[in-house]
Amino acid sequence: MQRSASLPLPGKTHPGGRLAWLSRLPMILLVLLVVFVAVYPVVWIFLSSLKGADEFSSAPMWALPQALHWENYARAWTEGNMSRYFVNSVLSVIPALALVIVLGTMAAFGLEIMRWRLSGAVSILFLAGIMVPVQIALLPLFTMFFRLHLLDTRLALILAYTAFGLPLVVFFLAGYFKTFAREVIEAAIVDGASIYQVFTKVALPMTMNAIVTVALVQFFFMWNDLLFSLTFMQNPEMRTVQSGLLAFTGQYGQREWGPTFASIALAVAPTVLVYLLLNQMVMKGMAAGAVKG
Amino acid sequence: MERTLRDWRAVLVFVGPALLLYALVVLVPILWSLGYTVYEGSPIAGFKFVGLDNYVRLAQDPTFWKALWFGTKYALFVSAGQVILGLALALLYAFYLRKSSVLVRTLVFLPVVLPTVAVAQMFAKLFAIAPQYGLDGAVQAWLGQGSTAFWVIGVMDIWKAMGFYAILLYTGLVDIPEETIEAARLDGAQGWTLARFVVLPLLAPITVASLIFSLNGTLKVFDSIMALTGGGPGTATTPLTLYMYKTSFSYGEYGYGSTLALTLALQCLLVTLLIFWRARRGASRE
């Protein structure tokens with residue numbers, strides 16, 4: 001799908017010759033360096049998470065672990081309370097993800113396919129949500145959740161994640177619906193399909209890829225959130241992975257390097273795994289989201 | 001058919017729930033927040049109407065001006081780094097690696113999806129362990145002094161996001177028609193001349209978009225600084241977002257906190273408009 005423009009750069013201009021690769025060596029080294037700089041810190045977290053306490057003071061910090069201290073993970077999971085934080089994160093992120101996708105897809109369909117008098121104005125209202133910093137809504141939201149006794153409940157996070165995720169989902173999917181062949185929808189209606197059948201039988205199957213893509217992007221936003229969790233979860237037991245990590249590493253970070261790195265590794269593991277499995281969709285989704293936003 | 005597509009009850013079913021939730025959790029709080037700026041207090045202590053006192057206080061608050069300056073300085077540095085390095089990477093992908101760049105693109109994008117808190121914790125640990133082994137000049141309390149902490153935070157945020165801007169700009173690069181570049185080459189343009197006078201001008205719109213996106217993101221920076229330095233030492237690395245957060249939740253001053261949040265929103269708006277205006281003026285001159 002992507003055409004590659006050809007632009008001869010220095011080093012690419014001498015075809016043939018047995019020593020041709022030599023002139024390309026600097027660029028090859030540069031590419032390797034770029035990849036190393038991007039990837040090694042992630043590898044380093046993992047290596048450090050397996051080191052024993054003494055290795056942080058005696059061995060060079062970049063060295064491989066001498067023995068594999070898997071117990072660091074057990075300690076992060078129990079003493080570091082990561083098990084609790086994982087439960088909290090999963091139980092907030094999964095419902096929010098489901099909600100934002102269902103509501104967002106329906107809204108995008110209603111705004112773009114059904115096109116009514118105010119659909120342009122409502123779309124702009126959603127767009128405004130992408131531009132405005134989250135901070136400006138934070139205090140009233142805190143007050144609201146305080147009055148409704150929603151602080152320290154997962155519902156607070158679910159509501160916040162869903163509502164603040166909606167603008168991007170609506171815009172992304174409305175853009176998709178726009179490219180839809182109008183005739184397909186009209187044909188379905190002529191055949192006697194109701195608008196709800198058009199949605200479930202025609203629109204949904206045709207946008208499934210886009211829905212998965214935007215869901216992935218939302219997953220990263222929600223899993224990586226700190227601000228909402230820090231604000232709405234005052235009880236330490238209710239912290240999510242990221243706010244829990246902040247508290248744990250702040251508390252024990254200077255003394256217990258191994259478990260600290262294990263907890264960091266646990267916090268990044270879901271995003272790294274999802275990304276490694278579905279990287280093309282994630283990249284496409286994030287780039288498209290940025291251009292639209 | 002018109003009747004099916006113009007069914008207002010169906011519209012309500014489709015758009016209603018999302019709009020309702022969005023209005024209650026996003027729109028109403030934004031307006032409510034504007035109201036807060038003329039009050040003093042918190043939900044626990046109670047509120048008192050104070051008129052424009054918060055705005056007067058803002059003008060006279062040295063910590064606010066310091067946070068505004070720090071945030072601006074940080075946003076300019078990090079955005080420049082993200083877009084320039086992103087551009088360099090995009091050129092590398094498109095013109096040097098070409099079709100074989102998939103793996104490199106994938107790996108360089110990896111830091112983008114990592115949680116900022118985890119990355120910041122990693123950097124914090126790195127700089128806590130490192131001084132014991134570094135060269136004399138490198139043995140410093142990197143995160144313990146405002147001047148050096150600024151660079152650590154900046155480098156971290158550039159590192160984390162450069163792969164993202166690389167993808168954004170790369171998408172723009174592969175959209176440039178091959179014929180355009182072919183024509184320029186026939187006219188004798190080569191290598192960096194071609195990049196400088198043909199490719200980069202064609203890429204200008206998406207570069208501007210990247211810059212807006214980056215500045216908007218970096219002005220709202222919170223996670224990385226919160227997790228790396230907590231805004232310290234003192235208030236040396238405190239941007240508006242962090243000052244707003246502390247004012248509100250550590251000191252329970254909702255009115256003043258909302259006033260700070262408003263200045264942040266205005267700053268983001270101003271930056272967006274300014275760049276749009278510059279871009280338009282630049283485009284009309286050509």
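A polar contact here is a pair of N or O atoms within 3.5 Å; within protein, one atom must be able to donate a hydrogen and the other to accept it, and residues adjacent in sequence count only if both atoms are side-chain atoms. Keep that in mind for the first stop, where the rule finds 12 residue pairs in polar contact across the interface of chain B and chain A, both residues at pLDDT 80 or more.

Before you click on, some housekeeping. This is a predicted model, in which local features need pLDDT of at least 70 and side-chain atom pairs count only at pLDDT 80 or more, while totals for chains, interfaces and linings use all residues. Residues are numbered from 1 along each chain as its sequence is written, chains are lettered from A and ligands numbered from 1 in the order in which they are written, and side-chain values use heavy atoms, with hydrogens and water left out.

**Stop 1: the interface**

Colour the two chains separately and look at where they meet. On the chain B side, 94 residues are in contact with 107 residues of chain A, contact meaning heavy atoms within 4.5 Å. The area buried between the two chains is about 9,400 Å², and carbon and sulfur atoms give 77% of that. Buried area is the accessible area (1.4 Å probe) that two parts lose on being put together, summed over both. Now show Phe14(B), Tyr22(B) and Tyr96(B) as sticks: they supply 9% of the area that chain B buries against chain A, more than any other three residues.

How many salt bridges does the rule find across the interface of chain B and chain A? Zero. (A salt bridge is a side-chain nitrogen of Lys or Arg within 4 Å of a carboxyl oxygen of Asp or Glu.) Next, select helix α2 of chain B, residues 8-36, which gives the largest share of the side that touches chain A, 20 residues. Helices here (H or I, at least four residues) are DSSP runs, numbered from the N terminus. Sorted by kind, the residues on that side of chain B are 71 nonpolar, 10 polar and 13 charged. For this count, Ala, Val, Leu, Ile, Met, Phe, Trp, Tyr, Cys and Pro are nonpolar, Asp, Glu, Lys and Arg are charged, and the others, Gly among them, are polar.

**Stop 2: helix α5 of chain B**

Select residues 102-113 of chain B. The 12 residues of this helix should span 16 Å at 1.5 Å a residue, and the end C-alpha atoms are 17 Å apart, which agrees. (The expected span is 1.5 Å times one less than the number of residues.) Nine of the 12 residues are buried, where buried means under 20% relative accessible area, exposed over 50%, and partly exposed in between (1.4 Å probe, protein chains only). Among the buried ones are Arg105(B), Thr106(B) and Phe109(B).

**Stop 3: Ser229(A)**

Hop to chain A and find Ser229(A) in helix α9, residues 227-232. Is Ser229(A) buried or exposed? Buried, with a relative accessible area of 0%. A polar contact of 2.8 Å joins its side chain to that of Thr240(A). Leaving out residues up to four places away in sequence, Ser229(A) touches Leu157(A), Tyr161(A), Thr240(A) and Ser243(A).

**Stop 4: salt bridges in chain A**

A search of the whole structure finds seven salt bridges over all chains. Start with Glu256(A) and Arg75(A), whose side chains meet at 3.0 Å, N to O. Glu256(A) lies in the loop between α10 (241-252) and α11 (257-292) and Arg75(A) in helix α2 (residues 71-78), so the pair ties together parts that are 181 residues apart in sequence.

Next, show Arg182(A) and Glu186(A), a salt bridge whose closest N and O atoms are 3.9 Å apart. The two are four residues apart in helix α7 (residues 182-190), about one helical turn. Now go back and add Glu79(A) to your selection: salt bridges that share partners join Arg75(A), Glu79(A) and Glu256(A) into one network.

One further pair is Arg115(A) and Glu112(A), at 3.1 Å, N to O. Arg115(A) is partly exposed at 43% relative accessibility, whereas Glu112(A) is buried at 11%.

**Stop 5: backbone oddities**

Select Gly232(B) and Pro233(B): the peptide bond between them is cis, with omega near 0°. Pro233(B) sits in the loop between α10 (223-228) and α11 (240-250) of chain B.

Finish with His149(A), which has a positive phi of about 60° although it is not a glycine. His149(A) is in the loop between α5 (135-147) and α6 (154-178) of chain A, and is exposed at 67% relative accessibility.
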